[in-house]
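Subject: Structure for your review

Dear colleague,

Please find below the structure that I am handing over to you. After it, I set out what was found, topic by topic, so that you can follow each point in the model yourself.

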Amino acid sequence: MNFIEFNSSPNPTIGVEIELQLIDNVTFDLKNISHKILTNIDKKFSDRIKYELFESMIEINTGICNTIQDVNDDLKQTLSYLEDILLNYNASINFSSLHPFARGKNQIITNDTRYKRIMKDLQIIGTRFITQGLHVHIGIQDSEKTINVNNALRMYLPLLLALTTSSPFYEGEDTGLHSYRTKIFESLPLAGLPDYLDDWNHFVKLTNNLTDAKVIKSVKDLWWEVRPHPGFGTVEVRICDIPINFKEILALVALIQALVVALQNLKKYPNVHIQILESNKWQAVRYGLEGVFIDPLTLKQLTIRKAIEDLCKLVEPAMISLGSSKYFTTVEEILTKGTGSSKKRELFRTSKSFEFVIRSLKEQFYD
């Protein structure tokens, strides 16, 4: 068995990855220009701005951050730089987990060996994969703690998704869901909620078995909604849609950092039934904040809103110690005013125009 080294992170460092849509400023449709943009990127941003599966997408990521203020400063610097470049192409970026009317068949696959291999395997499923997500890495001290946290986080993932839903429309239709992105993502092999892991050796053995069987080429092919990241020394939360407001992005990152810190100090979590976790996730996908949540440990039924309030109580000491408790206000605003999916539906209901929805939300992004 090949040993997989975990690069320990003594502090709860933060790394944020955001997949962005590139849209035309006239048509508001997706625009296949990432290869042009990346040829113009200054070297100091080469680790911050990267290509994605399609030419109409681009990924930005932070460096290693210690605080939410660091994340704020890092993201704003990269976004400002990227937006300046996009002016040359009469284009801009859009924060959303699904474009409301773009068609997958019109997107150009990025000229990358790994992406070409994936698309050859996925066939029509791949053409539907015009989705964007928010991925958050939090540093953990050792590999065994990472496994415990990974197991425990599975229970809270539906709540994080419910707070971020922003993908109700797909190819011009209202899907009836708050996060259709999640259902598209589930169609990928090895995606979705991960199984319970006994310990680090269990994770290593599983990864080695899948690699030896040629099911995956590396850990990167485990498209779980939360996963250990050995190279970074982190646990990576991947379930979130992209919030449509910058302060909401920061609030979710703060909540995830505090949750990981809180879970590190709790006892090992039991192997709760995957069907309960899947049911909770479906409630978040379908109903968002209006869904029902079954406590995986007690089987008590709660509203998702009440479960999020309980989550906030759990992480409050960690938020205070990390200096990020001010972001509770934003979480409360989300619970009161709704997420991106609800706001998009309301904007479309009043305007009957997806272009108006995109333009309005872009104008409000930094509010």
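The model is a predicted one. Searching the whole of it for enclosed space gives one cavity of 30 Å³ or more. The volume of the largest cavity is about 40 Å³. Its lining is made by Asn94, Ser96, Leu98, Pro100, Lys344, Val357, Ile358 and Leu361. Helix 13 (residues 354-363) contributes the most to that lining, with three residues.

Helix 13 deserves a second look. Its buried residues are Phe354, Val357, Ile358, Ser360 and Leu361. Among the elements that cover them are strand 1, strand 4 (91-94), strand 6 (169-170) and helix 12 (340-351).

Next comes the open space. The largest pocket holds about 1,000 Å³. Its lining consists of 40 residues, and those nearest the centre of the pocket are Glu17, Glu59, Lys220, Arg227 and Glu236. Which element supplies the largest share of this lining? It is strand 1, with five residues. Several elements supply at least two residues each, including strand 3 (57-61), helix 3 (113-122), strand 5 (134-139), helix 6 (180-186) and strand 11 (234-240).

Helix 6 also contains Lys183. With a relative accessible area of 30%, Lys183 is partly exposed, because that value falls between the limits of 20% for buried and 50% for exposed. Lys183 is in contact with Leu177, Trp282 and Val285, if neighbours within four places in sequence are left aside. Of these, Trp282 is 99 residues from Lys183 in sequence, yet the two C-alpha atoms are 9.2 Å apart in space.

I turn now to the nonpolar interior. In soluble globular proteins, nonpolar side chains tend to be buried together. In this model, the largest nonpolar core has 111 residues, and Ile18 and Ile37 have the most contacts inside it. Helix 8 (residues 246-264) provides the largest share of this core, 14 residues. A second core, separate from it, has eight residues, among them Leu30, Phe101, Ala102 and Phe169. As for Ile18, the residues that it touches beyond four places in sequence include Ile58, Ile60, Leu75, Phe95, Leu134, Ile242 and Ile249. Glu59 and Gly133 are also touched by Ile18.

The aromatic residues form a further topic. A pair of aromatic rings is described by the distance of the centres and the angle of the planes. Across the whole structure, 14 aromatic pairs are found. In one of them, the ring centres of Phe45 and Tyr81 are 4.0 Å apart and the planes meet at 5°, so this pair is stacked. The pair joins distant parts of the chain: Phe45 is in the loop between helix 1 (34-39) and strand 2 (49-51), Tyr81 is in helix 2 (residues 68-86), and 36 residues separate them. Phe45 has 4% relative accessibility and therefore counts as buried.

Phe365 and Tyr366 make an edge-to-face pair, with 4.8 Å from centre to centre and 75° between the planes. Are these two residues buried or partly exposed? Phe365 counts as buried because its relative accessibility is 4%, whereas Tyr366, at 41%, counts as partly exposed. Elsewhere, Phe6, Trp200, Phe203 and Trp224 form one aromatic cluster. In addition, the charged end of Arg181 sits over the ring of Phe185, 5.7 Å from the ring centre.

Finally, three loop residues may be of interest. Thr165 is placed in the loop between helix 5 (143-162) and strand 6. At 0% relative accessibility, Thr165 is buried. Its contacts beyond four places in sequence are His178, Ser179, Asp241, Ala284, Thr339, Gly340 and Ser341.

The other two concern the backbone. Most residues other than glycine have a negative phi, and most peptide bonds are trans. Glu171 has a positive phi, near 50°. It lies in the loop between strand 6 and strand 7 (173-174) and is partly exposed, with a relative accessible area of 21%. Lys214 likewise has a positive phi, near 65°. Lys214 belongs to the loop between helix 7 (200-212) and strand 9 (223-224), and at 73% relative accessibility it counts as exposed.

Yours sincerely

Technical notes:
Residues are numbered from 1 along each chain as its sequence is written. This is a predicted model: local features need pLDDT of at least 70, side-chain atom pairs count only at pLDDT 80 or more; totals for chains, interfaces and linings use all residues. Side-chain values use heavy atoms; hydrogens and water are left out. Rings of Phe, Tyr and Trp (its six-membered ring) pair if their centres lie within 6.5 Å; planes under 30 degrees apart count as stacked, over 60 as edge-to-face and the rest as tilted. Helices (H or I, at least four residues) and strands (E, at least two) are DSSP runs, numbered from the N terminus. Buried means under 20% relative accessible area, exposed over 50%, partly exposed in between (1.4 Å probe, protein chains only). A charge sits over a ring if NZ of Lys or CZ of Arg is within 6 Å of the ring centre and within 35 degrees of the ring normal. A nonpolar core is a set of buried Ala, Val, Leu, Ile, Met, Phe, Trp, Tyr and Cys residues joined through side-chain atoms within 4.5 Å. Contact means heavy atoms within 4.5 Å. On a 1 Å grid over the protein atoms alone, a cavity is a set of points where a 1.4 Å probe fits but cannot get out, and a pocket is an open set with protein on both sides within 12 Å along at least five of seven lines; lining residues have an atom within 4 Å of a point. Grid points are joined across faces, edges and corners, and a volume is the space filled by probe spheres set on the points.
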